Amino acid sequence: MSTTPFRRRRRSDPQHTAVLVVGAGFGGIGLGARLRQAHITDFTILERTEDLGGTWSRNTYPGAACDVPSNLYSYAFAPNPDWSRKYGTQPEILGYLRRVSDDFGVTPHIRLGTTVTAARFDEDARLWHVTTDRGEWTADVLVSAVGAFAEASIPDIEGLSTFTGPLMHTLHWDHDLDLTGKRVAVIGTGATAVQVIPELQQTAEQVVVFQRTAPWIVPRRDRRTSSFERRLYRRIPATQRASRAAWYAGIESFGLPGFVHTAFRHPFEALGRMQLRRQVADPELRARLAPDYMIGCKRAIFSDAYYPAMIQPNVDLVTDRIESVIPEGIVTASGTHAVDAIVLATGFTAMPMLASVVTGTDGRTIEDHYRERPQSFLGVANAGFPNMFTILGPFGAAGNQSAVVMIEAQITYIVDALTRIHRAGITRFELRRDEQEAFVEEMHARAGKGTWLRGGCSSYYTNGSGMNAGLFPGWSFEYRSRTRRWDAERYELARGRLARVDVAEEVSP
Ligand code: NAP
């Protein structure tokens, strides 16, 4: 295939690229690597931060790690026999992503420190006009790979801004701030808090944990990998693939309670109760740490370190509602909790920033559409947004599988699409609205039986009306089979000659 799959280019501005990818995390880097393997080299990846790695370069809070084993939380096309632990830590995962980016020739395609501020599709020229804080781009195809958890969610708590001590969200950890010997409040008990609290407990004078909803905690069993294991993976890669397959199957089984039927939750809940019973002896504390909803309603968290930290004398668990924040601490019904610093482990806004700046054919943004209701086809395409794909769009993530597995499936679909679009001389493609409607309806109909929707909690798995907010409620192997090939028949297609585009260098198609 040609290195310039989409159109002839000419010297001068604005900059043009055949495929413009936004975001250099697992999605963007993986897509770049697979595009290069498919000999599509005219692509550019814009990344708003000063480093590649997405979530793994930005989340640097103490204890940041993945709670999916690294043999599964890595690209199938780039196995790493050298993981030092069963679960990669943030620096090691970031190092892995940097290596993949270099080894597969993606790094030269990445433009760091470039924020997209607007994008609109030009019907006449059949291309995207993309405005960034570093100039204009045009692209035949736009791919959003910005991830689902890119923006910090700051809770709307009265008086939060009046707090006089340091206040930081886990996404913006200030490493110059020494919390040793300080009284530190942590608001939130999600997967991030569960990782950060055991670290803070070791150095802070007191950690005050504000829990609104108790999480389900299941055993993690982290350990260092042995040199024998690493040698084995290196010499006989099939053994690492077998480990990956075993973890794939184990994690996939969380779908049984998640979307098949709530009745399947009992063995998973037994695991969680066992962890709580074994690690927390005090019945009163145990009762306060016990979740009161079905497992899977919120993402269950793998941790061996959380409960042991929570039983330490320098950790207080506060379960009554936060009423306000005052200059010296946090006020709840039980009184004022004076603290020196507040850590917000309150998660992310579900809508990444890019959604508000990409405008579709009807003049409305992705955010406008999603606000009405989450919509997409397989999380990769949207009606009204021609020549565009998304990675991890609504219904493209699974609550029962490694995000990387889903991302790789989407990359397969996008690369197949781009290859075939070029071969067929297609210059405009747009998902058919009836296909999107049918798919979204299917996603709602299938999600209704399991704990994701009926587990008795509120979470980002559901929207305000209790409907599926964007998970794929099916097996990931079904999802992978549905994304193996680009299904052109679901799209409105147009062919035709394209105008030349002025760019840096001329390359013949
Ligand atoms: P999260 O799961 O959304 O949890 C946010 C926490 O903050 C919840 O406990 C929430 O309570 C609490 N909260 C929010 N607003 C509050 C308020 N106004 N007052 C009191 N509490 C409040 O966020 P996260 O833990 O950062 O995780 C985000 C995503 O990243 C998840 O998908 C998670 O699985 C993923 N993650 C993964 C890993 C990994 O190892 N794979 C590690 C970290 C994060 P409620 O539960 O009551 O809403």
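These are my notebook entries on the ligand site and one helix pair in a predicted model.

Ground rules. I number residues from 1 along each chain as its sequence is written, and side-chain values use heavy atoms, with hydrogens and water left out. Local features need pLDDT of at least 70 and side-chain atom pairs pLDDT 80 or more, while totals for chains, interfaces and linings use all residues.

Entry 1, ligand shell. I looked up the residues near the ligand (a heavy atom within 4 Å of it). There are 22 residues around the ligand, and Asp-67, Thr-192, Thr-213, Arg-299 and Tyr-460 come nearest. I sorted the shell into 10 nonpolar, 8 polar and 4 charged residues. Nonpolar means Ala, Val, Leu, Ile, Met, Phe, Trp, Tyr, Cys and Pro, charged means Asp, Glu, Lys and Arg, and the others, Gly among them, are polar. Helix H4 (residues 191–203) gives the most, with 3 residues. Helices here are DSSP runs of H or I, at least four residues, numbered from the N terminus.

Entry 2, polar contacts (N or O pairs within 3.5 Å). I found an oxygen atom of the ligand 3.0 Å from a side-chain N or O atom of Arg-299. For the side chain of Gln-195 the distance is 3.2 Å. At Ala-345 a polar backbone atom is 3.3 Å from a ligand oxygen. The ligand taken alone exposes 910 Å², of which the protein buries 82% (Shrake-Rupley method, 1.4 Å probe).

Entry 3, helix pair. I checked H1 (residues 26–37) against H12 (residues 403–423): they pack at about 40 degrees, axes 9 Å apart. Axes are lines fitted to C-alpha atoms over the stretch in contact, and angles run from 0 to 180 degrees between N-to-C directions. H1 and H12 are therefore oblique to each other (not under 35, over 145, or 65 to 115 degrees).

Key
A polar contact is a pair of N or O atoms within 3.5 Å; within protein, one must be able to donate a hydrogen and the other to accept it, and residues adjacent in sequence count only if both atoms are side-chain atoms. Helices (H or I, at least four residues) and strands (E, at least two) are DSSP runs, numbered from the N terminus.
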